[in-house]
Amino acid sequence: MSLESFMNEAISPWMKNQGPDADIVISSRVRLARNLQSIPFPMAANKEQLAKINDQVDRTFTGKTHGEFGQLEFLKMNELAENEKQVLVEKHLISPTLSNESKAGSVLLSEDESLSIMINEEDHFRIQCLLSGFQLDKGLEFANGMDDWIEGEMDFAFDENRGYLTSCPTNVGTGLRSSVMMHLPALVLTKKLNRILPAINQLGLVVRGIYGEGSEALGNLFQISNQMTLGKSEKDIVDDLQSVVTQLIAHERSARETLLQQSQIQLEDRIYRSYGILAYSRRMESKEAMQRLSDVRMGIDMGLIEDIKGNILNELMIVTQPGFLQQYAGESLTAEQRDQRRATLIRERFKLECSSELFDGGGEA
């Protein structure tokens, strides 16, 4: 398979869009946690009870369409290869927890992969809507529509005083987690982010890495989300997050302007060094790749690099992860082989994008 064909098949269609404020907000996610009234929650249910949920979901929703999502596909975790599950994690379509689920984990995916419904993870259902850029309101609208559709077929556990009942107490109430993935390189470089984070936490929000709780903030990518769901309406939760994200966007843009005014030569040197290393390296570890892709992405968004599109970085931040590299290679790879493949994939992808002779001396690893 050619790299171009692989990229077209590997990248979720929603990732190719340019949503509002896409130079800073990579994606918006709204997730609703739900459980069934008549079956114990996953941590207490047996395999047969969870398998019953899978069977009902498969019969009721597989092949159906809803709204803008297209046809739905049902996948059981125990029927997927380890690398296939890893790819779904790297695309943020399932959680690492679901990937490792041994009882009866599954996922219902929309055709464009903007909708992912994880089944039998921490809760019976985790309805997740993903959109490009800053689109939390639209994400909430889509997630609520899917929630209503599923609830029309199944009875969710609900208490008049507490709201929707969930495995984790912090999700009780609306069961809503809203989050945005933000690229904040200038706030990191100017060391302003460390002063901002405590204020964000005091507002009841949490800042995590690229894959959520417990993960590292690679490539200056940060996930900002609400922490509590009880006592607030869905709209209030989304509005609070939107307010903070709007301020973060303004702070990041201001920090980028400060860097241009006070340290432009140093900034350009950093960006073009990363550009050159990505263009010519023969091996590249994952952490370094993410950092250098972040530098180049910042250069593109600030108008310092004009011969390459910003979307290429969104793509490469996903497909240079271990699961994708092995999928493209068609075999299991050692860490050293992955580092070599990662460098080759990045060079080849740059060549597809750029007509410049800058990369003509590249060759293969």
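In this predicted model, Met 284 sits in the loop that links α8 to α9 (286–301). Despite its place in a loop, Met 284 is buried, because its relative accessible area is 1%, under the 20% that marks the limit for this class. Leaving aside residues up to four places away in sequence, Met 284 touches Ile 277, Leu 278, Ala 289, Asp 339, Arg 342 and Ala 343. A further link across the sequence is given by Gln 337: its C-alpha atom is separated by 10.0 Å from that of Met 284, although the two residues are 53 residues apart along the chain.

Helix α8 (residues 234–280) also meets helix α5 (residues 136–151), their axes coming within 10 Å and crossing at roughly 155 degrees. Since angles over 145 degrees count as roughly antiparallel, α5 is roughly antiparallel to α8. The crossing of this pair is right-handed. On the α5 side, the contact is made by Leu 136, Asp 137, Leu 140 and Asn 144, and on the α8 side by Glu 234, Val 238, Leu 241 and Gln 242. By character, these contact residues comprise 4 nonpolar, 2 polar and 2 charged.

Aromatic side chains offer another view of the fold. The structure holds 6 aromatic pairs. One of them joins Phe 158 and Tyr 164 in an edge-to-face arrangement, with 4.9 Å from centre to centre and 70 degrees between the planes. The two partners can also be described by their accessibility: Phe 158 is partly exposed, at a relative accessible area of 41%, whereas Tyr 164 counts as buried, at 15%. Elsewhere, Tyr 272, Tyr 275 and Phe 350 come together as one aromatic cluster.

Methods:
Residues numbered from 1 in each chain as written. Predicted model: local features only at pLDDT ≥ 70, side-chain atom pairs only at ≥ 80, totals over all residues. Heavy atoms only, no water. Axes fitted to C-alpha atoms, helices over the stretch in contact; angles between N-to-C directions. Helix = DSSP H or I, 4+ residues; strand = E, 2+ residues; numbered from the N terminus. Parallel < 35°, antiparallel > 145°, perpendicular 65-115°, else oblique. Left-handed = near helix turned anticlockwise from the far one by under 90°. Contact = heavy atoms within 4.5 Å. Nonpolar A, V, L, I, M, F, W, Y, C, P; charged D, E, K, R; others polar. Buried < 20%, exposed > 50% of the residue type's maximum accessible area, 1.4 Å probe, protein only. Phe/Tyr/Trp six-rings, centres within 6.5 Å; stacked < 30°, edge-to-face > 60°.
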